[in-house]
Amino acid sequence: MKRLIIGISGASGIPIAVSVLRALRELPDWTSCLVISKGGEKTIEMESDYTVEEITALADELYDNTNVGASIASGTYRTEGMIVVPCSMKTVSGIANGYSDTLLLRAADVVIKERRKLLLVARETPLSTIHLGNMLSLSQMGVIIMPPMQTYYNHPATVQDMTDHMTGKILDVFGIDYHRFRRWNP
């Protein structure tokens, strides 16, 4: 069984997080380990028609963000890595500066120290020099920064098409094929 930590922080992009969790749920050999920040909970309420309970029900394992002693806070807990989707600039800053006062931040810190894959779906616009500096620092550590950029080569007809494209790109980093992802094929 492969484990993948999913962190949801307080930035716009909850539909992408839901799509990633749903895709993982369809894969019998993958386990999703979910942790949501307080900001993430607030964003779920403000941005989507989902309740926090509906989103947590999509995960295989759920962790309390205040429990910095949970299994995902230890390098001995084997995972394939972590996705923070969406990832606020506050979360980017916390990870970049080793400020691990929550489980989400501690889990990301562990993924970095264990040299596992960490993917941040960083969501903010425009980006300040501070944001860019933090993301550069993380990129230099091997963290994958993947803002949810729109694409048009796949001719999206709906917002769901754009969400599916991002979900496919995110999961592709972990070697997971997503059946709704349309690859470039001229």
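How much space lies in the largest cavity? About 30 Å³, and this is a predicted model, so read what follows with that in mind. Beyond the cavity, here's a quick tour of two pockets, an aromatic pair, a lysine over a ring and a buried serine.

**The cavity**

- Counting spaces of 30 Å³ or more, the structure holds one cavity.
- Its lining is made up of Ile5, Ile72, Ser74, Tyr77, Thr79, Ala107, Val110, Val111 and Arg116.
- Helix α5 chips in with three residues, the largest share of the lining of the largest cavity.
- Sort that lining by class and you get six nonpolar residues, two polar ones and one charged.

**The largest pocket**

- The volume of the largest pocket comes to about 420 Å³.
- Its lining takes in 18 residues, and the ones nearest the centre are Ile16, Arg123, Pro148, Met149 and Gln150.
- Two elements, α1 (14-25) and α7, each give two or more residues to the lining of the largest pocket.
- Of the elements, α7 gives the most here, with four residues.
- By class, the lining of the largest pocket splits into 11 nonpolar, five polar and two charged residues.

**The second largest pocket**

- For the second largest pocket, the volume is about 260 Å³.
- There are 15 residues in its lining, with Ser37, Lys90, Thr91, Thr102 and Leu105 nearest the centre.
- Three helices supply two or more lining residues each to the second largest pocket: α2 (38-47), α4 (89-96) and α5 (103-113).
- The top contributor to the lining of the second largest pocket is α4, with three residues.
- As for class, nine residues in the lining of the second largest pocket are polar, three are nonpolar and three are charged.

**Rings**

- You'll find one aromatic pair in the model.
- That pair is Tyr153 with Trp184: the ring centres are 5.2 Å apart and the planes meet at 90°, so it counts as edge-to-face, given that the cut-off for that label is over 60 degrees.
- The two partners come from distant parts of the chain, 31 residues apart. Tyr153 belongs to the loop between β6 (144-145) and α7 (159-172), while Trp184 is in the segment after α7.
- Buried or exposed, where does Trp184 fall? With a relative accessibility of 56%, Trp184 is exposed, because the bar for that is over 50%.
- Tyr153 has a relative accessible area of 35% and is partly exposed, because that value falls between the 20% and 50% cut-offs.
- Elsewhere, Lys117 puts its charged end over the ring of Phe174, at 5.9 Å from the ring centre.

**Ser9 and its contacts**

- Look for Ser9 in the loop between β1 (2-8) and α1.
- Ser9 has a relative accessibility of 0%, so it counts as buried.
- What does the side chain of Ser9 have around it? A polar atom of that side chain lies 2.9 Å from the backbone oxygen of Pro86.
- The Ser9 side chain also makes a polar contact with the side chain of Thr91, at 3.4 Å. Thr91 turns up again among the residues nearest the centre of the second largest pocket.

Terms used. Residues numbered from 1 in each chain as written. Predicted model: local features only at pLDDT ≥ 70, side-chain atom pairs only at ≥ 80, totals over all residues. Heavy atoms only, no water. Phe/Tyr/Trp six-rings, centres within 6.5 Å; stacked < 30°, edge-to-face > 60°. Buried < 20%, exposed > 50% of the residue type's maximum accessible area, 1.4 Å probe, protein only. Lys NZ or Arg CZ within 6 Å of the ring centre and 35° of its normal. 1 Å grid on protein atoms, 1.4 Å probe; cavity = no way out; pocket = protein on both sides within 12 Å on 5 of 7 lines; lining within 4 Å. Points joined across faces, edges and corners; volume = space filled by probe spheres on them. Nonpolar A, V, L, I, M, F, W, Y, C, P; charged D, E, K, R; others polar. Polar contact = N/O pair within 3.5 Å; in protein donor to acceptor, adjacent residues only side chain to side chain.
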